[in-house]
Protein chains: 2
Amino acid sequence: MSAGRPRAVVVVTGSELVRGDRRDANGPYLAAELGRLGLEPSRIVIVGDAEAELEAAVRDGLEADLCVLTGGLGPTHDDRTVEVLARVTGRRLVVDEALEREIERVSRAVAERLRRPYGDFAGGVRKQASLPEGATALGLAGTAPAVLLQVDGRVAVALPGPPGELRRLWSKVVESGPVGQLLERVGAPERRVLRFFGPSESAVARALDEAGGEGEGLAVTVCARDLEIHVDFVVEPGGEARAEALESALRDRFPAELFADDERPVEELVLQACRSRGWKLGAAESSTGGLVAARLTSVPGSSDVFVGGVVAYANEAKEAALGVPRELLATHGAVSAEAAEAMAVGARERLGVDVAVAVTGIAGPGGGTADKPVGLVFLHGQSPETAAAREVHLPGDRDDVRARATALALHLLRRLLIQPGTNARARAG
Amino acid sequence: MSAGRPRAVVVVTGSELVRGDRRDANGPYLAAELGRLGLEPSRIVIVGDAEAELEAAVRDGLEADLCVLTGGLGPTHDDRTVEVLARVTGRRLVVDEALEREIERVSRAVAERLRRPYGDFAGGVRKQASLPEGATALGLAGTAPAVLLQVDGRVAVALPGPPGELRRLWSKVVESGPVGQLLERVGAPERRVLRFFGPSESAVARALDEAGGEGEGLAVTVCARDLEIHVDFVVEPGGEARAEALESALRDRFPAELFADDERPVEELVLQACRSRGWKLGAAESSTGGLVAARLTSVPGSSDVFVGGVVAYANEAKEAALGVPRELLATHGAVSAEAAEAMAVGARERLGVDVAVAVTGIAGPGGGTADKPVGLVFLHGQSPETAAAREVHLPGDRDDVRARATALALHLLRRLLIQPGTNARARAG
């Protein structure tokens, strides 16, 4: 990315993260947001609650134009982010009284709900309301404030670690004056995205190379995610023509595999396609165990289209809840094209829906045989107009197989409902 | 953590990682490995292919006893890890001729398979065989070597970025002489975990403080995760008595809320409890949309206990697939204690299971009213022996409410099936 953009550093604190007990989600989220806004995310640092490490990370982070700290804002002694920020910038910690009253209000409600004396909370409230001199609170998530501090023309921001809270408060950071001024210095780079389902990552990378590849003013990332290939362009002034050429080359090379040129996930496209036809949707799942339904219902407002699903994990559930004939299961097995079709038919009947998708497979690690190895998955989709079936062998462990089978089910629905190429916007020019 | 353990730093390079396009898996893997071996993972740094950033990260990393670099070992110009390692340590790059022959052998086979002249590869082979003076190669993954370099009594290791290759070569690193000497200096620390459901994070932290808190030889992490509180002890020699005292204090203070003293997640405890009673399990979900079933089926071997679930998102699905009476929904609404109970009863009947849990609620952002605001969730569980119901108001956005309601459903099942305190191992002594 261009050297002209303001640098941003993300410092993530969490002992469980630096020990590898959990994977951090905040760093990637913030880095993507920073890039989208036109800053250059140059480093993500994960440290624990060892004070010297945190202090070094904050000190280095403050050399960037924007340093975003996450985690370590709780009420307990090992939540040290604000204290370290004060020490590194040479500021005293001062109780912000308006903030203290606000946190107290929240804590009193919690105390009441838990039927505990407020006195148990008072120390934590005072701690969470103590900010480096000159810092401002940008709002609360629970009892933790987002904190913004300007230091010699640079900006430091501290946000709580729970991802939901962080995301909610991040919008306040973006709207704040000091960050607004930083963003005014740059135009956000233009971002273009192309989403493919079908080609391999290396086929897409080769097509990009053959079309000239990235260069001055254009960075391109190719990333495989649950069988989708996501291509992201970051276009700076001067890179437009190159971006246009590469985008055209990919559109021409994989016209049927391009399913989106925006960030909408496939579950949203499926729901939208059903909605526009007035069709109701349902799912019948075995090996994916509810993940197809969970992805569809993750979209706000999905309830007007998605009626429900049946997780028919055992054979008796396939019979009882979906009406799959026992003989069919005995003859072909629960992991078969026949079972997938019968499950989809059963879901349409039992749930009273127009469109249904069914998945049955072997997620592993156990349950595989020579004939039907781990990773074998059958899918079937049915609408009032048409039907589609697939048999695939998926690589990976149990989680991979389940996630990929879920993606396949959603894309099978998409192709059942949407003509290839009609979903992505018509190209300009 | 004790200052006595050798410090380890992980430096991850990858433009797509620092831009947040993909989540890094290598940092957490290596950190967990390093901790298991008795080193102290103190920092994970993610940088892109900007040379100055990479150089700064390597320079800082070399201050640790062990610095593990991942990524940037490929044959192309933007793979700079080894070159930067040489520059930072003031070493020349020298072609390792034995290594070059080895990489050439691999590359000739690739060239043949792709039907391309070997000449296309020769430059990359020479580049990948060029190591800092004094470094040794520990083996190949594809054409990329693992590289080990000793610098002033410290050890730097470079590994390829693809997780499978990294994991394969990591074992060679652990077996190598220099790393072996480092590991001989330490024994692996003892780890203890306590898992609570019920108390607040601050109540647990206060109980720890009152019992004396952490100190020499003992580090304690308290972490809230979807309504569970996870307490992790890392115990060094000399910290055992303190650890014992703190653990006893927590066990005595929250005997009914302690649900595990190992890493098994609640879904595994629920499945195990059903298995030991010979009971079959099912779920009926509205607002969680399949997440309860997905967590239960994430456990390998769950199919002997978990028969299936019904995701009854729309009222018609609650009627059709679970037999919830239309009048009940009209009188009490789909989000009500009565609906939750009828869903659980329906799931037992329709799925033919012994134990069922039902969840209905308002995940938001839409759908809330003054009477029934976003975050309101009703749960009901039923076994052949007993039943339990809960009404809760959950904070957070749609994803938070769904994840927390899922955790509540699993813990409601756990408490239905397991007497409080009987699951965690009896205390020694």
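In this predicted model, A:Leu379 stands opposite A:Arg390, a residue of strand E17 of chain A. A:Leu379 belongs to the neighbouring strand, E16, which covers residues 376-382 of chain A. Seven bridges hold E16(A) and E17(A) side by side, and the two strands run antiparallel.

This pair is one end of a sheet that involves both chains. The sheet is open and has 10 strands, with mixed pairing. Starting from chain A, the order is E17(A), E16(A), E15(A), E13(A) and E14(A). The order then passes into chain B at E14(B) and continues through E13(B), E15(B) and E16(B) to E17(B). The junction between the chains is therefore a pairing of E14(A) with E14(B), given that two strands pair if DSSP finds at least two bridges between them. At the edges lie strand E17 (387-393) of chain A and strand E17 (387-393) of chain B, each of which pairs on one side only. Direction ignored, neighbouring strands of the sheet are turned by 10° against each other on average.

A helix of chain A packs on this sheet: H13, residues 315-322. In chain A, H13 touches strands E13 (281-285), E14 (306-312) and E15 (355-361). Helix H13 also touches strand E14 (306-312) of chain B. The direction of H13 makes about 145° with that of E14(A).

Elsewhere in chain A, strand E3 (residues 66-70) offers another view of strand pairing. E3(A) is mostly covered, with five of its five residues buried. A:Leu66, A:Val68 and A:Thr70 point one way from the strand, while A:Cys67 and A:Leu69 point the other way. Both groups are buried.

E3(A) has parallel partners. One is strand E1 (residues 7-13) of chain A, joined to E3(A) by five bridges; here A:Val10 has A:Val68 as its bridge partner. Another is strand E8 (residues 154-159) of chain A, also parallel to E3(A) and joined to it by five bridges. In that pairing, A:Leu66 is matched with A:Val155 of E8(A).

Chain A as a whole contains 16 helices and 17 strands. Its C-alpha atoms fill a box of roughly 75 × 65 × 45 Å along the principal axes. Of its 429 residues, 57% count as buried. Among contacts between residues at least 6 apart in sequence, 69% join residues at least 24 apart.

The surface of chain A comes to about 17,000 Å² exposed, and carbon and sulfur atoms supply 48% of it. The chain carries 51 positive and 62 negative side chains, and the centres of the two sets lie 2 Å apart.

Notes:
Residues are numbered from 1 along each chain as its sequence is written. Chains are lettered from A and ligands numbered from 1 in the order in which they are written. This is a predicted model: local features need pLDDT of at least 70, side-chain atom pairs count only at pLDDT 80 or more; totals for chains, interfaces and linings use all residues. Side-chain values use heavy atoms; hydrogens and water are left out. Helices (H or I, at least four residues) and strands (E, at least two) are DSSP runs, numbered from the N terminus. Buried means under 20% relative accessible area, exposed over 50%, partly exposed in between (1.4 Å probe, protein chains only). Contact means heavy atoms within 4.5 Å. Accessible areas come from the Shrake-Rupley method with a 1.4 Å probe; for residues, only the protein chains shown count as cover. Lys and Arg count as positive and Asp and Glu as negative; His and the chain ends are not counted. The place of a charge is taken as NZ of Lys, CZ of Arg, CG of Asp or CD of Glu. Axes are lines fitted to C-alpha atoms, for helices over the stretch in contact, and angles run from 0 to 180 degrees between N-to-C directions.
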